[in-house]
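I opened the model to look up two things. One is how the chains touch; the other is how a pair of helices packs.

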Amino acid sequence: MRYEYLTGNIAIAEASIVSGLKFYAGYPITPTSDIFEHLARELPKYGGHVIQFEDEIASINAVVGASWACAKAMTATSGPGFSLMLEALSLAVITETPLVVAYVMRTGPSTGVPTRSGQYDVLQSTYGFHGGLVIPVLAPSTPQEAYDLTVKAFNISEKLRTPVVLLSDAVVAHTYGKVAIRERSEVEIVDRSKPSTPLSEYRPYDPVDGLVPPMACFGEGYSVLVESLTHDERGYYAPRSDAQRKLMWRLYRKITESSGKLFDYSSLYLDDCDVALVSYGSTALSTQVAAKTLRERGVRACSLKLKTLFPIYEEGISKLLKNVEKVFVVENNVGLYYRELRGILKDRDVVSVPLIDLDVPLPQEVVGVVDKWL
Amino acid sequence: MRVEVLIAGRGGQGILLLGHILGAAIAKYTDLHVLGSEIYAAETRGGDSRVDLVVADREEEADFIKVAKADIALFMHQLQLDAYRDLVRDGATVFLDKSNITNIPQRNWRIYLEPYTDIAEREIGSSRVANIVALGHLVKITSIVTPEAIEKVIEEIVSREWIDLNIKAFRYFLVR
């Protein structure tokens, strides 16, 4: 292990290499392009490939293809690019293709203020694609978390055979920080499980004894079907309600039933707290400091930073906040994730703190809003 | 221990390089934790350049990317001193480039006023290393990081042809 001084973006690029990334396809977009540039320089040294395609649609489709060739694959983009990728993300969901999308949010809608920050796309990151399922979403707030959560994103994608979104933002992208860089041997790396059946008996979408089917790749001798139509365990088109029901519930359950295992958070003063400030991404930096400021003034405040945003671990979040009187959900948008949390915390007083800032909100801004409710 | 550092000047004065060298030296070669941010105007020269660092011995204390009240500040130009002086706390250690600053506000600061740009030009041979002359002074007075750590980072990130000039600039105050 060694320490480096990196931005959130470069931490993502470095962590993807240690995670075993072998294929990156992308189209440049602010504020993600330095992930692309760093990988273009560094990944070939580790036997990987970096390709710029004509747009984001081609990029994500190439990533899907690379993953089926057994390469750990990734792309990075921002709002307008992610919108273009949604159709192929849906393809990745039904074909159960492991891949990682680093989604670095900027101010929107549309081109908005392209160089500045925001958290407007938190719901789009998981609900944006068509088909009504859930993609795991992880949100870093520092370069170190960007590094650690990138490794985690690759592991989740491989373990559950799913696309995973690493949801950063323009502030985290450009924040510098001390990052512990680990060698491959120092990091737990998960690889997709491989079929152990004879070639003639392999059924590419048969989960065998769980919810996630072992995955054979092109070129390994197995007959591999990459089927975007509703399919049975063999991968054959099955336009029947029973097949659709079976497939949908398995795809849904393999993500949602893992919510406890995927859940990641950090907190301050949670054991001794009346007023909880819940946040994620760069805004969590502001709420941590705001919680300290409020405590200095005698308010029993705490902060809860959610690093896993989806699937939502309802039981876990509810339990963490069980002794809290009031919950403030602080975010740099019109109050989007608040809508997710208020359903879980029905018996608690949950208040939305929607801040709209082009930069990281200042802690005093958070304190100012919370003050009005106390 | 938690220290906020503010470094500001005009575009072209090497503020971002100075801040990066300091941040990298702390991150790579000390047990301290650091978070920081950079801002700069889009134009190549003349606009605001500013680096904020929050340095702490515990990771959870390096908790924000902008200074609220700087404990250590370095201003390389009058414009940024005027713009950001309220971000510097009472009792702070403040370094000012006398070559570009004439109007010093009445504050309860511990002020070090030296003509970094003139020194760089006359004593080192290029006004372009005024930033590193100032960094040497800041490191000598505050001991926030060892000179050896700074020199290692200079050797790692500065183009080979400019390393010697930067090391010479960095040592100007340290050997005095």
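I count two strands as paired if DSSP finds at least two bridges between them. Helices (H or I, at least four residues) and strands (E, at least two) are DSSP runs, numbered from the N terminus. The model is predicted: local features need pLDDT of at least 70, side-chain atom pairs count only at pLDDT 80 or more, and totals for chains, interfaces and linings use all residues. Residues are numbered from 1 along each chain as its sequence is written, and chains are lettered from A and ligands numbered from 1 in the order in which they are written.

Entry 1, between chains. I looked up strand β8 (residues 176–181) of chain A. It pairs with β2(B) in the antiparallel sense, over two bridges. Gly177(A) stands opposite Leu35(B).

I then listed the contact (C-beta atoms, placed from the backbone, within 7 Å). Chain A gives 13 residues and chain B gives 12 residues. On the side of chain B, α1 (15–29) and β2 (33–40) each supply at least two residues. The largest share, five residues, comes from β2(B).

Entry 2, within chain A. I checked helix α1 (residues 8–18) against helix α2 (residues 33–42). Their axes, lines fitted to C-alpha atoms over the stretch in contact, lie 8 Å apart at an angle of about 40 degrees. α1(A) and α2(A) are therefore oblique (neither under 35, nor over 145, nor 65 to 115 degrees). Among the residues that meet are Ile10(A), Ala13(A) and Ile17(A) from α1(A), and Ile35(A), His38(A) and Leu39(A) from α2(A).

Conventions: Contact = placed C-beta atoms within 7 Å. Axes fitted to C-alpha atoms, helices over the stretch in contact; angles between N-to-C directions.
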